[in-house]
Amino acid sequence: TPYDAAIIDEDSEGALIPSFCAIVRTGEEIDKNYLLAFLNSSYCKDQLKLQVSGAVMTVLSVGKIGNVNIPVPSLEEQQRIGSSYIEVQNKLKLIKQIAELESKKNDIIFRDLVKANEDA
């Protein structure tokens, strides 16, 4: 979807960055997980949409990203918010895996039912 953010970790290091992506590096004053949470928030996405509203081509430049107002609480608060965001993302990932497994289970049940009817 438009304006999603991700952290590039050591496993992804050296990957090719396409032209429709921007690299944002943090300093020590901003927690990377906090920034990730903020960039993926509806508050930030609304700000980004305002940056391109009314434009003929809705291209979001690095300069426009720089115009986004990022609240910077204490590092401790940033870490709390960032950790909470990562925890929620991990839970969502697990829920998705559970749903996929349940779907596979149903497929097996239906396949077995059809096979049982064919054998009868």
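Which helix gives the most to the lining of the second largest pocket? H3 does, with three residues.

This is a predicted model, in which local features need pLDDT of at least 70 and side-chain atom pairs count only at pLDDT 80 or more, while totals for chains, interfaces and linings use all residues. Residues are numbered from 1 along each chain as its sequence is written, and side-chain values use heavy atoms, with hydrogens and water left out. Helices are DSSP runs of H or I with at least four residues, numbered from the N terminus.

**The second largest pocket**

A pocket here is an open set of points on a 1 Å grid over the protein atoms alone, where a 1.4 Å probe fits and protein lies on both sides within 12 Å along at least five of seven lines; lining residues have an atom within 4 Å of a point. The second largest pocket has a volume of about 250 Å³, a volume being the space filled by probe spheres set on the points, which are joined across faces, edges and corners. Its lining comprises 16 residues, and Val24, Leu35, Ile65, Gly66 and Ile70 lie nearest the centre. At least two lining residues come from H1 and at least two from helix H3 (62–66). By class, 11 of the lining residues are nonpolar, three are polar and two are charged. In this scheme Ala, Val, Leu, Ile, Met, Phe, Trp, Tyr, Cys and Pro count as nonpolar, Asp, Glu, Lys and Arg as charged, and the others, Gly among them, as polar.

**Helix H1 and the core**

Six of the eight residues of H1 are buried (under 20% relative accessible area, 1.4 Å probe, protein chains only), and the helix is mostly covered. The buried residues are Tyr34, Leu35, Leu36, Ala37, Phe38 and Leu39. They pack against H2 and helix H4 (75–119). At the start of H1, the backbone nitrogen of Asn33 has a side-chain oxygen of Asp31 within 3.1 Å.

The largest nonpolar core consists of eight residues: Ile30, Tyr34, Leu35, Phe38, Leu39, Cys44, Leu48 and Val68. H1 and helix H2 (42–52) each supply at least two residues of this core, and H1 gives the most, with four residues. Such a core is a set of buried Ala, Val, Leu, Ile, Met, Phe, Trp, Tyr and Cys residues joined through side-chain atoms within 4.5 Å. In soluble globular proteins, nonpolar side chains tend to be buried together. Leaving aside neighbours within four places in sequence, Leu48 is in contact (heavy atoms within 4.5 Å) with Tyr3, Leu60, Ile65 and Val68.

**Accessible positions**

Exposed means over 50% relative accessible area, and partly exposed lies between 20% and that value. The table gives four residues with their accessibility.

| Residue | Place | Relative accessibility | Class |
|---|---|---|---|
| Ala15 | segment before helix H1 (32–39) | 47% | partly exposed |
| Ser84 | helix H4 | 38% | partly exposed |
| Lys91 | helix H4 | 46% | partly exposed |
| Ile95 | helix H4 | 53% | exposed |

Some C-alpha separations place these residues relative to other parts of the chain. Ala15 and Leu39, 24 residues apart in sequence, are 21 Å apart in space. Ser84 and Asn33 are 51 residues apart along the chain, with 9.1 Å between their C-alpha atoms. For Lys91 and Asp46, 45 residues apart in sequence, the C-alpha separation is 25 Å. Ile95 and Ser41, 54 residues apart, have C-alpha atoms separated by 20 Å.

Terms used. Polar contact = N/O pair within 3.5 Å; in protein donor to acceptor, adjacent residues only side chain to side chain.
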